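Let's walk through this one together, a question at a time. We'll look at charged pairs and at the surroundings of the ligand.

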Amino acid sequence: QEAGKPNVVILATGGTIAGAGASAANSATYTAAKVGVDQLIAGVPELSQLANVRGEQVLQIASESITNDNLLQLGRRVAELADSKDVDGIVITHGTDTLEETAYFLNLVEKTDKPIIVVGSMRPGTAMSADGMLNLYNAVAVAGSKEARGKGVLVTMNDEIQSGRDVTKSMNIKTEAFKSPWGPLGMVVEGKSYWFRLPAKRHTMDSEFDIKDIKSLPNVGIAYSYGNVDDTAYKAFAQAGAKAIIHVGTGNGSVSSRVVPTLQALRKDGVQIIRSSHVNNGGFVLRNAEQPDDKYDWVVAHDLNPQKARILAMVALTKTQDSKELQRMFWEY
Ligand SMILES: NC(=O)CC[C@H](N)C(=O)O
């Protein structure tokens, strides 16, 4: 370890950033989660100019297969490292499909102001114009910087620094995949970060949630709306033991008249009903708009997309079963 340089730990979990294809022309057809963390680090020798870097292989999976237990395992390891005096920043390499969920989860439950950066890539390292090297380089640069402290969990993709709270994979195939409805926080260029705005929502040090208090996460289902929808999915989730159901509504989080009575009944049975929206560039669901949430005792996800609403619902339900408290949390986080 060189004095004067920050100590950054890379926790590898798989994904395309650790993917490999048969030829350099395979940018979309390849296998995710093939390359180990030491090889990933060795592939970017320039990392050693930014920080003293070491790696740990936490998982080796494609991120669509991540489970709640995987999330808890990763979250606990991040907390241990964040507590360690000789760690200045943490980078998590991750598949991009659920990267936004993991980033938001960590943003809610990690009690540290040390930088935590989640990063992936859209092309495997074997492909022409692979994006993983630079994304990883940028992640380590931000993780080792003092300026990134206290800004919550961050995502560095395509030269941008995004808030883990609201960034979402908004396009596949393109390297310009990750967007936030509210814009990036900054940019990384040649290993230097440039900041333009700060997250306004509660996170990490200012969060009431702590990974150390979370033993398990409850079952929360997500049900999608469309024309001619019926209540099959909602009933099935409830039967399977869901404590909350994220309603992925049309438009403002609207609910079909064929589904409303079922959601009223499920709420009476104790299942929390949380209205979100499936609009692409950021939903914005308000209480009592479209549906009388006060009367039905439902919750709105506000600007959180359905998959992020599931993360907050799970974490929130480890603390409260009260719908008013749940709604407060959906406004504050
Ligand atoms: N670009 C990617 O990382 C996608 C690969 C894979 N589906 C995953 O999420 O892990």
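Q: Is D297 buried, partly exposed or exposed?
A: This is a predicted model, and D297 has a relative accessible area of 25%. Buried would mean under 20% and exposed over 50%. D297 is therefore partly exposed.

Q: Which residues are joined into one network by salt bridges that share partners?
A: One pair to start from is R202 and E208, whose side chains meet in a salt bridge at 3.4 Å, N to O. Through shared partners, the network comprises R202, E208, E325, R328 and E332.

Q: Which residue forms a salt bridge with R267, and how many residues apart in sequence are the parts that the pair ties together?
A: The partner is D297, with the closest N and O atoms 3.1 Å apart. R267 sits in helix α7 (residues 260-268), while D297 lies in the loop between α8 (293-296) and β14 (299-300), so the parts tied together by R267 and D297 are separated in sequence by 30 residues.

Q: Is R267 buried or exposed?
A: The relative accessibility of R267 is 14%. Since buried means under 20%, R267 counts as buried.

Q: How much of the ligand's accessible area does the protein cover?
A: Polar side-chain atoms of E64, T96 and D97 each have a ligand nitrogen atom as a neighbour, at 2.8 Å for E64, 2.7 Å for T96 and 2.7 Å for D97. On its own the ligand has 290 Å² of accessible area, and the protein covers 91%.

Technical notes
Residues numbered from 1 in each chain as written. Predicted model: local features only at pLDDT ≥ 70, side-chain atom pairs only at ≥ 80, totals over all residues. Heavy atoms only, no water. Polar contact = N/O pair within 3.5 Å; in protein donor to acceptor, adjacent residues only side chain to side chain. Areas by Shrake-Rupley, 256 points an atom, 1.4 Å probe, with all protein chains shown as cover. Salt bridge = Lys/Arg side-chain N within 4 Å of Asp/Glu carboxyl O. Helix = DSSP H or I, 4+ residues; strand = E, 2+ residues; numbered from the N terminus. Buried < 20%, exposed > 50% of the residue type's maximum accessible area, 1.4 Å probe, protein only.
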